Amino acid sequence: VWTAMGITMQTPESVMQTSMMLLFPLTFASNVFVDPETMPGWLQGFVNNNPLTHLTTAARGLMHGDVDGVEVLWVFGWSAAFVAIFGPLTMKLYKAER
């Protein structure tokens, strides 16, 4: 995602600002800081489908030694989806830039 943005934007600072603008809401709407069960119902639906939630849960499980295989599969699935979408897009943008 950030490589595609880096090709289209003019300065590294604009890429950093845009990435933080996207990552901060995703981070705060995940289970990084707060247990989703304490959140309102409408927010739990988003939090439970947030890629950062799955990544956090899988990383915590790996560190504690009780990893949930489903969470690891979610992380691999999200990663594959991002690569499948943004890999060709980035290559197309790079080719057009050259």
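Me: Before we start, a contact here means heavy atoms within 4.5 Å. With that in hand, what covers the buried residues of helix 4?

Reply: In this predicted model, the cover includes helix 3 and helix 5. The buried residues in question are T53, H54, T56, A58 and G61.

Me: How do you know that helix 4 spans about what is expected?

Reply: Helix 4 takes in residues 51–64, 14 residues in total, and runs 20 Å from its first C-alpha to its last. The expected span, at 1.5 Å a residue, is 20 Å, and the helix comes close to that.

Me: Why is F33 called exposed?

Reply: Exposed means over 50% relative accessible area. F33 has 55%, so the label fits. You'll find F33 in the loop between helix 2 (12–28) and helix 3 (41–48).

Me: And T90, why does that one count as buried?

Reply: The cut-off for buried is under 20%, and T90 has 13% relative accessibility, so T90 is buried. T90 sits in helix 5, residues 69–97. Leaving out residues up to four places away in sequence, T90 touches T3, A4 and I7.

Me: What makes F24, F28 and F33 a cluster?

Reply: Ring pairs link them, and a pair needs ring centres within 6.5 Å. The count of aromatic pairs by this rule is 4.

Me: Which residues form the nonpolar patch on the surface?

Reply: M20, F24, F28, F33 and V34 form the patch, with about 540 Å² of accessible area together. Nonpolar side chains are joined into a patch within 5 Å, and each member needs over 30% relative accessible area. F33, at 55%, is over that cut-off.

Notes:
Residues are numbered from 1 along each chain as its sequence is written. This is a predicted model: local features need pLDDT of at least 70, side-chain atom pairs count only at pLDDT 80 or more; totals for chains, interfaces and linings use all residues. Side-chain values use heavy atoms; hydrogens and water are left out. Patches are made of residues with over 30% relative accessible area and no salt bridge: like charges are joined within 9 Å, nonpolar side chains (Val, Leu, Ile, Met, Phe, Trp, Tyr) within 5 Å. Accessible areas come from the Shrake-Rupley method with a 1.4 Å probe; for residues, only the protein chains shown count as cover. A salt bridge is a side-chain nitrogen of Lys or Arg within 4 Å of a carboxyl oxygen of Asp or Glu. Helices (H or I, at least four residues) and strands (E, at least two) are DSSP runs, numbered from the N terminus. Buried means under 20% relative accessible area, exposed over 50%, partly exposed in between (1.4 Å probe, protein chains only). Rings of Phe, Tyr and Trp (its six-membered ring) pair if their centres lie within 6.5 Å; planes under 30 degrees apart count as stacked, over 60 as edge-to-face and the rest as tilted. The expected span of a helix is 1.5 Å times one less than its number of residues.
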